[in-house]
Amino acid sequence: MASFVTLLEPARRRALAFSTVLGVVAGLVMFATGQQPAPADSGVSAFMKMVPLGAESKGAVIPSFDAGGRRTSLITADVIRRLDDERLYAEGLVVQMFNANPANNLRMDLKTAFYHMTGGVLRSRERSRVSRADFQIEGDNLVFDTAKNQGRMTGDIRMVIFDSRALSGEVSPTPESQPAK
């Protein structure tokens, strides 16, 4: 008969695996967004000042550029509506953040979202997706602080890592070092 400690071993392994994946996700998201300027601050702020209270804009496209003229982000939405002096509501929102290295470009897809102008916080309470060339993560709730370039995803979370070699520090074998077929 198995002891209670032995029965807990699979649960401990699952908890360790879950903690590891959560740490990797946090690291990837922070790495992906840490090298880029805030995506929504300049574009959304300027756009919001142009949208009258209660007005709705369909097919919105809001690009953002750095001082050198390089595009840093692109925000598109099916509908953006100004709710009050502090909030925007968006449907079909896509936020793309561009990096000098295209492999680190990040994309957020949100069905609906609220942008709080005073705090620079983007929130969605519907299933959202964050993707990059090497991973994709989906969750039930998303909060992204544009000032700090930090995000948090909660709820039922599913993550797919396309290439774990980048996380482990492994180097891809060169064609010369692979055995001949």
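How many aromatic pairs does the count come to? Keep that in mind while we walk through this predicted model; the tour starts with the answer.

**Stop 1: the rings**

The count comes to one aromatic pair. Select Tyr89 and Phe114: the ring centres lie 5.2 Å apart and the planes meet at 55 degrees, so this pair is tilted. Colour the strands next, and you will find Tyr89 in strand E3 and Phe114 in strand E4, so the rings tie together parts that are 25 residues apart in sequence. Switch on a surface if you like. Tyr89 is buried, with a relative accessible area of 14%, whereas Phe114 is partly exposed at 32%.

**Stop 2: strand E4 and its partners**

Stay with E4 and show the backbone. Strand E3 (residues 87–97) and E4 (residues 106–116) pair in the antiparallel sense, with 10 bridges between them. To see one of these, pick Gln96, whose bridge partner in E4 is Arg107.

Now select strand E6, residues 128–132, which pairs with E4 over four bridges, again in the antiparallel sense. Here Leu110 is the residue to click on, as it stands opposite Ser128 in E6.

Strand E5 (residues 121–124) comes next: three bridges join it to E4, and the two run antiparallel. Phe114, familiar from the ring pair, stands opposite Arg123 in E5.

**Stop 3: the hairpin and Thr146**

Follow the chain from E4 into E5. This hairpin has four residues between its strands, and Gly120 takes a positive phi near 65 degrees. Keep Gly120 selected and add Thr146. The backbone oxygen of Gly120 lies 2.6 Å from a polar atom of the Thr146 side chain. Where does Thr146 lie? Look in the loop between strand E8 (141–145) and strand E9 (150–154). With a relative accessible area of 1%, Thr146 is buried.

**Stop 4: salt bridges**

Side chains of opposite charge can pair when their charged atoms come close. Searching the whole structure gives 10 salt bridges, and a few of them are worth a visit.

Begin with Glu56 and Arg81, whose side chains meet with an N to O distance of 2.7 Å. Glu56 belongs to strand E1 (residues 56–65) and Arg81 to strand E2 (residues 71–82), so this salt bridge ties together parts that are 25 residues apart in sequence. Both ends can be checked on the surface: Glu56 is partly exposed at 40% relative accessibility, and Arg81 is partly exposed at 25%.

Move on to Arg87, which forms a salt bridge with Asp84; the closest N and O atoms are 3.2 Å apart. Arg87 is partly exposed, with a relative accessible area of 29%, and Asp84 is partly exposed too, at 24%.

Then select Arg132 and Asp134. Are these two buried or exposed? Their side chains meet in a salt bridge of 2.7 Å, N to O, and both residues are buried.

For the last selection, show Arg127, Arg129, Glu138 and Asp140 together: salt bridges with shared partners join these four residues into one network.

Methods:
Residues are numbered from 1 along each chain as its sequence is written. This is a predicted model: local features need pLDDT of at least 70, side-chain atom pairs count only at pLDDT 80 or more; totals for chains, interfaces and linings use all residues. Side-chain values use heavy atoms; hydrogens and water are left out. Buried means under 20% relative accessible area, exposed over 50%, partly exposed in between (1.4 Å probe, protein chains only). Two strands pair if DSSP finds at least two bridges between them. A polar contact is a pair of N or O atoms within 3.5 Å; within protein, one must be able to donate a hydrogen and the other to accept it, and residues adjacent in sequence count only if both atoms are side-chain atoms. Rings of Phe, Tyr and Trp (its six-membered ring) pair if their centres lie within 6.5 Å; planes under 30 degrees apart count as stacked, over 60 as edge-to-face and the rest as tilted.
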